[in-house]
Amino acid sequence: MKSVISPLDLDVEEVNDLMDLGSRIMADPKKYSHMCDGKILATLFYEPSTRTRLSFEAAMLRLGGKTMGFASADSSSATKGETVADTIRVISSFADICAMRHPKEGAPAVAAANSTIPVINAGDGGHQHPTQTLTDLFTIRSLKGRLDNLVVGFCGDLKFGRTVHSLIRALVNYKNVRFIFISPKELMIPDYIRNDLLIEKGIPFEEVTQLEDILPRLDILYMTRVQRERFFNEEDYVRLKDFYILDKKKMELAREDMLVLHPLPRVNEISVEVDKDPRAVYFKQVEYGMYIRMALILHLLELDTGI
Ligand code: CP
């Protein structure tokens, strides 16, 4: 029984197999529409979500399974003081697989250690978000045709952005990927990514504050939201929230084949006028997310997909 808590829980071969399966499901979803008949997915979300929770639920429903769960800590017995370890022991008797989001870093790992069913980390604090990473990799590979030989720019909140931390961790496994980190100094990548991962592995990266200067060099621009919920004071959030706004004028500086990704939700960091640009693929990215989650559910339930 395998859980997915960090992108490191899936090796490159497994990720490639999942993307291959995701592509096959996307090409012929009907073929997979009864593969999870009789199975139940529990979604335990202690923190708000639109995409991840509903994407997991849509994935299970489209595989023929059923879903149950809660969408906020307030509607669970966490309000009465129940621990994550006890909750997952209970849920293990009800469901076959579980997706958990929690504001505390490490909570899904605690759940996995106390579970008899696979646990998928659907985002823990500012730490990791492995299924967003699978979504991002699947989007890039599907639309660019490769995951190596890329210049990837990450822009915005690189300090608290768990989707950024997870995607960097996954992309270092591919050949000749160069990173450019674009952020105000208060929101630079954490030391454990800079020192323990990039410097340690000898991966080339640059850290800059200006988006315009580096736009022409990028294959991928990964925009992120400055997350109000991660700030300790409102004043800092207000000062930094509109530091970067990608608009039509800035897009003129970018290559014709550059892709703009964003894990969403977006606030002001991408102007709505950019949505019409064919290089803006963040809504398509959501669709890829559902198919790769279908593939992950099938993989973790060890169902035979060789049909
Ligand atoms: N990308 C993402 O995690 O979105 P939600 O917060 O809506 O789940």
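**The ligand site and its surrounding loops**

L264 is found in the loop between β9 and α11, in a model that is predicted rather than determined by experiment. The relative accessible area of L264 is 12%, and because buried means under 20%, this residue counts as buried. The backbone of L264 has a phi near 65°, which is a positive value in a residue other than glycine. The peptide bond that leads from L264 to P265 is cis, with omega near 5°, and P265 has its place in the loop between β9 (259-261) and α11 (282-300).

L264 also belongs to the surroundings of the ligand, where the residues are S49, T50, R51, T52, R101, H129, Q132, P263 and L264. A polar backbone atom of L264 is 3.0 Å from a nitrogen atom of the ligand. A nitrogen atom of the ligand is likewise placed 3.1 Å from an N or O atom in the side chain of Q132, while an oxygen atom of the ligand is 2.9 Å from an N or O atom in the side chain of R51. Of the 250 Å² of accessible area that the ligand has on its own, the protein covers 91%. The space that the ligand takes is the largest pocket.

H129, one of the residues around the ligand, is placed in the loop between β4 (119-124) and α5 (130-144). With a relative accessibility of 3%, H129 counts as buried. The side chain of H129 makes a polar contact of 3.4 Å with the side chain of T52, and T52 is itself among the residues around the ligand. When neighbours within four places in sequence are left aside, H129 is in contact with T52, R101, A122, G123, R162, T163, S166 and R293; of these, R101 is also listed around the ligand.

Q128 has its place in the loop between β4 and α5, and at 3% relative accessibility it counts as buried. The side chains of Q128 and S166 are joined by a polar contact of 2.6 Å. Not counting residues up to four places away in sequence, Q128 touches I5, P7, N121, G123, R162, H165, S166, R169 and Y192. Among these residues, G123, R162 and S166 appear in the contacts of Q128 and also in those of H129.

Two further loop residues were examined. N176 lies in the loop between α6 (162-171) and β6 (177-182), and although N176 is not a glycine, its phi is positive, at about 55°. The relative accessibility of N176 is 48%, and because the range between 20% and 50% is described as partly exposed, N176 counts as partly exposed.

R255 is placed in the loop between α10 (248-251) and β9, and with a relative accessible area of 33% it is partly exposed. Apart from neighbours within four places in sequence, the residues in contact with R255 are P216, R217, L218, D219 and R279. R255 and F138 are 117 residues apart in sequence, and their C-alpha atoms are 21 Å apart in space.

Conventions
Residues are numbered from 1 along each chain as its sequence is written. This is a predicted model: local features need pLDDT of at least 70, side-chain atom pairs count only at pLDDT 80 or more; totals for chains, interfaces and linings use all residues. Side-chain values use heavy atoms; hydrogens and water are left out. Helices (H or I, at least four residues) and strands (E, at least two) are DSSP runs, numbered from the N terminus. Buried means under 20% relative accessible area, exposed over 50%, partly exposed in between (1.4 Å probe, protein chains only). A polar contact is a pair of N or O atoms within 3.5 Å; within protein, one must be able to donate a hydrogen and the other to accept it, and residues adjacent in sequence count only if both atoms are side-chain atoms. Contact means heavy atoms within 4.5 Å. A residue is near a molecule or strand if one of its heavy atoms lies within 4 Å of it. Accessible areas come from the Shrake-Rupley method with a 1.4 Å probe; for residues, only the protein chains shown count as cover. On a 1 Å grid over the protein atoms alone, a cavity is a set of points where a 1.4 Å probe fits but cannot get out, and a pocket is an open set with protein on both sides within 12 Å along at least five of seven lines; lining residues have an atom within 4 Å of a point. A molecule sits in a cavity or pocket if more than half of its atoms lie within 2 Å of its grid points.
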